[in-house]
Amino acid sequence: MPMIASADVAAASGQEGAVQTARQLLAGPASGPRAARLVHVRREPARDAVPVPWPCWVPEPLRAALAQQGVTTPWSHQVAAAELARDGQHVVLATGTASGKSLGYQLPALTAVLEGTAAPNARGATVLYLAPTKALAQDQLRAVERFGLPGVRAAVYDGDTPTEERAWIRAHAHLVLSNPDMLHRALLPAHPAWSGFLRALRYVIVDECHAYRGVFGSHVANVLRRLGRICARYGTAPTYLLASATTGEPELTAGRLIGAPVRAVTADGSPRGATEFALWEPPLLEGSGEHGAPTRRSATAETADLLADLVAAGVQTLAFTRSRRGAEAVAMTTRARLAELDADEGTAFAGSVAAYRAGFLPEERRALEADLRAGTLRGVSTTSALELGIDITGVDAVLLAGWPGTRASLRQQAGRAGRRGGEALAVLVARDDPLDTYLVHHPDAVFDAPLEVTATDPENPYVLAPHLAAAAAELPLTEADLPTFGAAAPGVLEALVAGGSLRVRPGGWYWTRKDRAADLADLRGIGGAPVRVVETGTGRLLGTVDPGAAHSAVHAGAVYVHQGVTYLVDDLDLPAAVAHAHRADVDHTTSAREVTEIRVLDQRAGERWGQAALHLGTVEVRTQVVSYLRRRYLTGEVLGEEPLDLPERRLRTTAVWWTAAPELVAGAVSELDVPGAVHAAEHASIGLLPLVATCDRWDIGGVSTALHPDTGRCTSFVYDGYPGGAGFAERGFRDAGRWLRATRDAIACCDCRDGCPSCVQSPKCGNGNEPLDKSGAQRLLDAVLSEAPRA
């Protein structure tokens, strides 16, 4: 049960008092049950502002509008980025959360629009703004409208925009706020209707560009290359302004995204209050896991308890979760805990907590955002939908239910607290996962390690092919276009011609089919029609699931959560791409298990580590979901395993793998223990790859064997879970020493005896997490790493 404070605890006023209250609640008495859970606290000092004068070219109406909003002097990084963009140079502004990055791109963009109003058509310059979420585009529209600039016409153009408004936006808007999905599916295929806008296009703003990673980022990179090609058709070459959280090598990441050199501005001139950052590890629950292994209390349940405490103490708090299901579960559990307090003390806290995630109706999202700003909502559990830049002020604390995947996301989410310049509190609650275990016990890896470089691979043939088809449908492709899409383009075009999608003529490559080429690529998925989740009996559509995740997420017996209501899936009809589910109150979650076989097709790179070796190459993976586990929601206790009969799937992708010579293996573990040792090491290495690659453990998979037929050695594979690869395995290959040493350390620092989900057990293992040898995995990794390079 949470240690819920009574209403009179919230006597402190202002943000500093709220943060102090939150700090006291977290720490609790030294001998209390929570004392051991607070593993580490890091205090990051406040930072002073670096103000600079306005650029001379900023027009007076814009300066006056900013002054009305309380912006009287810009900060150094804002002006540095604006000056570069004004000079026609592509620029990425990569500074911390709440550092005012918006002003860095608003200055040149709105100045150009204001100058363009003097043109005969009052539209001498236009701007395209792209955000990864609808909510962020709406937030930016509100910001522009608050300026009240005369003659500036701004509008959101997304899937929620009414049909009757779209023609007006195409013909009259100066600033169009949209997302890559609409650019891909609506604007580019219909570019003749946008000709007036495109002929005047001066700037393209790519906000929160660090969100474009992996397969999604690779798709967006190709969409932006298509945009550049269409702009050239209308005689324009817009300047790109990109805004990013602090990441590693932002100029290279942004350059890969837009396909052109980019200048980076990283020196942050904004003020920042002190932040207190806590690392929190839920307790082990003995004997509740698979084969009697201990499990940690779930991060979801622990976060819900903390959120209930903070809301009851008057601390406005955001709780970030890794999934829609997690956001709904945290909100549900928090409300239930607070309802108990309300019944005892006559308070009304339960009604001030809500979930916020993608998938809500537009009006639902807008209402939640307004209530959060107004302070009516005191606690919100959310997915990354609220991570990205929305201007939510007055938030005192942030809870993170599990490592968010990258240090950039960690900073971005934690930065949502303290946005009024006051002190802030952030708490990372560890999941029952090897990476989280490692990080809470190695705080230097959280706070002091270099930031990750975003992984993308725009030339992945499986990603590139549909975009070349779409580009040809928009405007015939020519030889001169091919460098825009990279060295892989000629080979991919040959395949498209051979498959009948394109035809070669003297004028170039042409789209030959009647269907829409843009429909071939799903920017946020791996292709194919989404699987619909339909309520049994009523036929009501509850939601959709990516086809690649359907076998694991909506199999028969799976628990599906929609807007706080739980459903049980009755059946999954794969040919019809539909799953039927009925409403059910359950106290468990489900996780699918799969078996995997792997075949090496080619090796692209490799290096020797004495009697061990590291490799990168192409593999064919065959997987089959064979069963699912039912676990108690709050404790993680295993309730049972149920078989499934689903078809095998094949995947051609990129993998990184290490091999060890028989002599090396024999010196580390006995012959009988080798299968368990390498199996445990593989599970842990899957969990730790996100430490060096911008991925989630569910983006990747693994296979291990004491003797693989293609290598002739003890081998452990980790592969990208996307056709052609997503760049994750390649990052693992490049930083294998750090990755595998962290894997070994995560196993060693877990305080279980024989292995648990926090170190070597995997929720996806189709072999029932057998055999596993925790101590053997440590010795085997020590042997493999004995001659590995340190850097």
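A polar contact, as I shall use the term, is a pair of N or O atoms within 3.5 Å; within protein, one must be able to donate a hydrogen and the other to accept it, and residues adjacent in sequence count only if both atoms are side-chain atoms. Helices (H or I, at least four residues) and strands (E, at least two) are DSSP runs, numbered from the N terminus.

The model is predicted: local features need pLDDT of at least 70, side-chain atom pairs count only at pLDDT 80 or more, and totals for chains, interfaces and linings use all residues. Residues are numbered from 1 along each chain as its sequence is written, and side-chain values use heavy atoms, with hydrogens and water left out.

I begin with helix α17. At its start, a side-chain oxygen of N460 comes to within 2.9 Å of the backbone nitrogen of Y462. Eleven of the 14 residues of α17 are buried (under 20% relative accessible area, 1.4 Å probe, protein chains only), so the helix is largely enclosed by the rest of the structure. Among the buried residues are H467 and E474. The cover over them, counted by contact (heavy atoms within 4.5 Å), includes α7, α9, α19 and β17.

I turn to the rings. Six aromatic pairs (ring centres of Phe, Tyr or the six-membered ring of Trp within 6.5 Å) are found in the whole structure. W657 and F717 form a tilted pair (planes neither under 30 degrees nor over 60 degrees apart), with 5.4 Å between centres and 40° between planes. W657 belongs to strand β27 and F717 to strand β29, so the pair ties together parts 60 residues apart in sequence. Both W657 and F717 are buried. Elsewhere, ring pairs join Y157, W194 and F197 into a cluster.

Notes:
Buried means under 20% relative accessible area, exposed over 50%, partly exposed in between (1.4 Å probe, protein chains only).
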